[in-house]
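Here is a short tour for anyone new to reading protein structures. Keep the sequence and the model side by side as you go.

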Amino acid sequence: MELTNERILITGGSGFLGRQVCSLLREKGCKNLFTPRSADYDLVDRAAVQRLFAAFSPTVVIHLAARVGGIGANRDNPGLFFHDNLVMGVNLIEQSRQSGLKKFVQVGTVCAYPKQAPVPFREETLWDGFPEETNAPYGVAKKALLVMLQAYRAQYGFNGIYLLPVNLYGPGDNFDLQSSHVIPAMIRKFLEATGKVTLWGDGSPTREFLYVRDCAAGIVAATENYDRASPVNLGSGQEIRIADLAALVARLCGSKAPVEFDARKPNGQPRRLLDTSRAQELFGWHASTGLEEGLRKTIAWYQSQRAAQGQR
Ligand SMILES: NC(=O)c1ccc[n+]([C@@H]2O[C@H](COP(=O)([O-])OP(=O)(O)OC[C@H]3O[C@@H](n4cnc5c(N)ncnc54)[C@H](OP(=O)(O)O)[C@@H]3O)[C@@H](O)[C@H]2O)c1
């Protein structure tokens, strides 16, 4: 699909991932991008979604808007995360079907995988068990949208695709300790440490991290070149233990602060690593930024933000 002349609605286009997707689309020459804010169009409200389509008449939707956060935010808001993520998707997909949209791109999440999925997670195992409990409401709500898209494809010939990114990180991430994911939380704790640094869980789980710009490139590549019903993983292929990640982030931050793991706090899913061969095979995408390189860029970005704030 040639995107330059399409009218592309990017929900969540002002968010962490959305800004990178928009920047890549602009670099490709796409001029008709629309990135509504929640204050103007609350996508949980069906009438607001109708108003949005009437105002912009999109031909392509990349749906990134979501209620997201780390384990703490998921534990504090299970009802809200389930409701808003499900309803936003349902409203947008139904409105897109009614308006005869050419393509709908739904961004799901690794949190949809079963807690004990065989590693690396292959798309075929998505329904083989219940997700890890702390992020299940978020993961299941998003997974239901995969079923909706497959049902709409079967009944209406609706062209909706579904992507499953692993945990993201990079410049522009959320560094608020109340709602942040693990990498920005670690960076902030190590840079600001005056004594020991306390981290959640026992350090034993493993995670995979995808640089946000690489994820945006995967989403754009899939929007251009992928048109099938099967979900597709987007990951980096690099698995790391949380304890090893902490040591790496501390070194890159130049911190010698001792690390303490608070095992009373939840670990989350025991292991996370995606099999990304389907993305390579079906639309020629693979991640290109190594973890250490991506972390250096992220730390440099956060330090520049702090310096700029200090000067104000
Ligand atoms: N971050 C990750 O590690 C990760 C991993 C896997 C998948 N994902 C997925 O990637 C997507 C983007 O995540 P992100 O990290 O970029 O999140 P983010 O920075 O929090 O951005 C989310 C955006 O959603 C919008 N939004 C939330 N509620 C809305 C509502 N009711 N109506 C309209 N817009 C609403 C917000 O818009 P306003 O700013 O205007 O309020 C915000 O810009 C999500 O679908 C997420 O599930 C993220």
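## A proline in a loop

Let's begin with Pro120, which sits in the loop between strand S4 (103–107) and H5. Helices (H or I, at least four residues) and strands (E, at least two) are DSSP runs, numbered from the N terminus. The peptide bond joining Val119 and Pro120 is cis, with omega at about 0°.

Before going on, note that this is a predicted model: local features need pLDDT of at least 70, side-chain atom pairs count only at pLDDT 80 or more, and totals for chains, interfaces and linings use all residues. Residues are numbered from 1 along each chain as its sequence is written, and side-chain values use heavy atoms, with hydrogens and water left out.

## A serine with a positive phi

Next, look at Ser57, in the loop between helix H2 (46–56) and strand S3 (60–63). Its phi is positive, about 45°, although Ser57 is not a glycine. Most residues other than glycine have a negative phi, and most peptide bonds are trans.

Is Ser57 buried or exposed? Ser57 counts as partly exposed, because its relative accessibility is 43%. Here buried means under 20% relative accessible area, exposed over 50%, and partly exposed in between (1.4 Å probe, protein chains only).

## Two residues of helix H4

Asn91 belongs to helix H4, and so does Gln95, in the run of residues 78–98. Asn91 is buried, with a relative accessible area of 8%. Gln95 is buried as well, at 10%.

What does the side chain of Asn91 reach at 3.0 Å? The partner is the backbone oxygen of Leu43, and the backbone oxygen of Val44 is reached at 3.1 Å. Such a polar contact is a pair of N or O atoms within 3.5 Å; within protein, one must be able to donate a hydrogen and the other to accept it, and residues adjacent in sequence count only if both atoms are side-chain atoms.

Contact in general means heavy atoms within 4.5 Å. Leaving aside residues up to four places away in sequence, Asn91 touches Leu43, Val44, Asp45, Arg46 and Val49. With the same kind of exclusion, Gln95 touches Arg46, Val49, Gln50 and Phe53.

## Around the ligand

Which residues come nearest to the ligand? Of the 25 residues around the ligand, they are Leu17, Arg37, Ser38, Tyr138 and Lys142; a residue is near if one of its heavy atoms lies within 4 Å.

A polar side-chain atom of Ser38 is 2.6 Å from a ligand oxygen atom. For Lys142, a side-chain N or O atom is also 2.6 Å from an oxygen atom of the ligand. Asp42 has a polar side-chain atom 2.9 Å from a nitrogen atom of the ligand. Helix H1 (16–27), helix H5 (136–156) and strand S6 (167–169) are the elements that give two or more residues to the shell.

## Nonpolar cores

A nonpolar core is a set of buried Ala, Val, Leu, Ile, Met, Phe, Trp, Tyr and Cys residues joined through side-chain atoms within 4.5 Å. The largest has 67 residues, of which Leu17, Leu25, Ile62, Ile219 and Phe283 touch the most other members. Helix H7 (residues 212–225) gives the most to this core, with 7 residues.

Apart from this core lies another, of 25 residues, among them Met186, Ile242, Cys253 and Ile299. In soluble globular proteins, nonpolar side chains tend to be buried together.
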